[in-house]
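Morning, everyone. I've got one structure to walk you through today, so let's put it up on the screen and go from the sequence pattern outward.

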Amino acid sequence: MAVREGALSWDEVTAWRNALAVRLDAALADSPLPDEPDRARVEDWLASVRRRSLDAEAPM
């Protein structure tokens, strides 16, 4: 909207985008996150959440 309203030029948006990309690359280099998710662990967790949800809804 700011571009449309003239508050920012397209060059300012491009510069902002480029600065964000630099920050993102730096953050990625220092990230403690693994390159790939542990899919088995996530699947186990999701199954346990679903089980607990079903157990909580079961009639007594």
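Okay, so reading along the sequence, the protein chain goes α-α-α. That's three helices and zero strands in total. Before going on, keep in mind that this is a predicted model.

Let's start with the overall shape. What radius of gyration does the protein chain have, next to a compact globule of 60 residues? The globule would come out near 10 Å, but the protein chain has 22 Å. You can see that in the C-alpha trace too, which spans about 65 × 30 × 10 Å along its principal axes.

Now, burial. Buried residues make up just 3% of the 60 residues in the protein chain. The accessible surface is about 6,000 Å², and carbon and sulfur atoms account for 60% of that.

On to the helices, and α2 comes up now. Helix α2 covers residues 10-29. With 20 residues at 1.5 Å a residue, α2 should span 28 Å, and its end C-alpha atoms are 29 Å apart, so the two agree. How many of the 20 residues of α2 are buried? The number is one, so α2 lies largely in the open.

One residue to look at here is T14, which sits in α2. Buried or exposed, or something in between? T14 has 23% relative accessibility, so it counts as partly exposed; the cut-off for buried is under 20%. If you want a feel for distances, T14 and A27 are 13 residues apart in sequence, and their C-alpha atoms are 20 Å apart in space.

Next, α3, residues 39-57. This helix has 19 residues and reaches 27 Å from its first C-alpha to its last, close to the expected 27 Å. As for burial, one of the 19 residues of α3 is buried, so α3 also lies largely in the open.

Last topic: charges. The protein chain carries 8 positive and 12 negative charges, and their mean positions are 4 Å apart. In general, side chains of opposite charge can pair when their charged atoms come close. How many salt bridges does the structure hold? One. The partners are E36 and R39, with their closest N and O atoms 3.9 Å apart. The cut-off is within 4 Å, so the pair counts as a salt bridge. Both E36 and R39 are exposed, and R39 falls within the residue range of α3, 39-57.

That's the tour; happy to rotate the view for anyone.

Key:
Residues are numbered from 1 along each chain as its sequence is written. This is a predicted model: local features need pLDDT of at least 70, side-chain atom pairs count only at pLDDT 80 or more; totals for chains, interfaces and linings use all residues. Side-chain values use heavy atoms; hydrogens and water are left out. Helices (H or I, at least four residues) and strands (E, at least two) are DSSP runs, numbered from the N terminus. The expected span of a helix is 1.5 Å times one less than its number of residues. Buried means under 20% relative accessible area, exposed over 50%, partly exposed in between (1.4 Å probe, protein chains only). The radius of gyration is taken over C-alpha atoms; the globule rule is 2.2 Å times the number of residues to the power 0.38. Accessible areas come from the Shrake-Rupley method with a 1.4 Å probe; for residues, only the protein chains shown count as cover. Lys and Arg count as positive and Asp and Glu as negative; His and the chain ends are not counted. The place of a charge is taken as NZ of Lys, CZ of Arg, CG of Asp or CD of Glu. A salt bridge is a side-chain nitrogen of Lys or Arg within 4 Å of a carboxyl oxygen of Asp or Glu.
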